Amino acid sequence: MKIRDLEGKEWEYGECLSCAVNSRKIQPYGGIIYETHNFILTQDFSRPINGFVVISAKRHVVTYDELTYEERTELSELLFRTQKALKNLKVCDYFNIYVAEYKEGHFHLQVLPRYKWMEDERGTIIGNLNRGFNYAKEKLNKEENLKQIAKTLNDLKSEMQKL
């Protein structure tokens, strides 16, 4: 299978994107931000949204209920640290956190910062994720935004080490 990254580079990754990232066969924009025994933290591979990070299980498990107690505990702490670090960096104040379970991939959490441009008439992006993601790909895939994302990722790597 193939995927295009934020810089437009196309990567061949076989059957599982997370396995390819875990084995370092492909490199997400900004590289691995943080790594624990059971999880990796990266920028979302193809959506140019500043601070949009993904926490992926290293082990090839699909659903949350397949995680061990140790993995669930570690995931909770990593999510806390990630959100705290992004707030410390003033990326945003609020997030939408999504559990993603796909039969062909790894269990992962998507930590999506909430920006004004994402809001609809109810002040939420729930139900409008694809619209927001399409907007990001069309309007935010610019050099200036990618530089801001790169800066945030670099700062986040440092901030995660402090917490």
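How many bridges join β3 to β4, and in which sense do the two strands run? In this predicted model, β3 and β4 run antiparallel and are joined by 3 bridges. The connection between β3 and β4 is a hairpin of 3 residues. Within this pair, Ile32 has Thr42 of β4 as its bridge partner.

Two further antiparallel pairings involve β7. β5 pairs with β7 over 4 bridges, and Val53 stands opposite Val111 of β7 in the bridge pattern. β6 pairs with β7 over 6 bridges, also in the antiparallel sense; here Asn96 stands opposite Leu112 of β7. The strand β7 is largely enclosed by the rest of the structure, because 6 of its 6 residues are buried. Burial extends to both faces of β7: His108, Gln110 and Leu112 lie on one side, and Leu109, Val111 and Pro113 on the other.

The largest nonpolar core contains 36 residues. Leu41, Ile49, Ile55 and Leu156 are the residues with the most contacts inside this core. At least two core residues are supplied by each of β3 (32-35), β4 (39-43), β5 (53-57), α2 (69-88), β6 (95-100), β7 (108-113), α3 (129-139) and α4 (143-162). A separate core of 9 residues lies apart from the largest one and includes Ala20, Val21, Ile40 and Phe45. In soluble globular proteins, nonpolar side chains tend to be buried together.

The surroundings of Leu41 were examined with neighbours within four places in sequence left aside. On this basis Leu41 is in contact with Ile32, Ile33 and Tyr34, with Val53, Val54 and Ile55, and with Thr82, Leu156 and Met160.

The helix α4 has 20 residues and reaches 29 Å from its first C-alpha to its last, close to the 28 Å expected at 1.5 Å a residue. Its buried residues are Asn145, Leu146, Ile149, Thr152, Leu153, Leu156, Glu159 and Met160. These buried residues are on the same side of α4, because they cover an arc of only 140° around the axis. An α-helix has 3.6 residues a turn, so residues three or four places apart point the same way. The cover over the buried residues of α4 includes β3, β4, β5 and α2. On the face of α4 turned away from the buried side, the exposed residues are Glu143, Glu144, Lys147, Gln161 and Lys162.

The helix α3 was treated in the same manner. Gly132, Phe133 and Ala136 are the buried residues of α3. They span an arc of only 100° around the axis, which puts them on the same side of α3. Among the elements that cover these buried residues is β7. The exposed residues Asn130 and Glu138 are carried on the face of α3 turned away from its buried side.

The remaining site considered is in a loop. Lys9 is placed in the loop between β1 (2-4) and β2 (10-12). With a relative accessible area of 45%, Lys9 is partly exposed, as the cut-off for exposed is over 50% and that for buried is under 20%. When neighbours within four places in sequence are left aside, Lys9 is in contact with Ile3 and Arg4.

Terms used:
Residues are numbered from 1 along each chain as its sequence is written. This is a predicted model: local features need pLDDT of at least 70, side-chain atom pairs count only at pLDDT 80 or more; totals for chains, interfaces and linings use all residues. Side-chain values use heavy atoms; hydrogens and water are left out. A nonpolar core is a set of buried Ala, Val, Leu, Ile, Met, Phe, Trp, Tyr and Cys residues joined through side-chain atoms within 4.5 Å. Buried means under 20% relative accessible area, exposed over 50%, partly exposed in between (1.4 Å probe, protein chains only). Contact means heavy atoms within 4.5 Å. The expected span of a helix is 1.5 Å times one less than its number of residues. The arc is that of the directions from the helix axis to the C-beta atoms. Two strands pair if DSSP finds at least two bridges between them.
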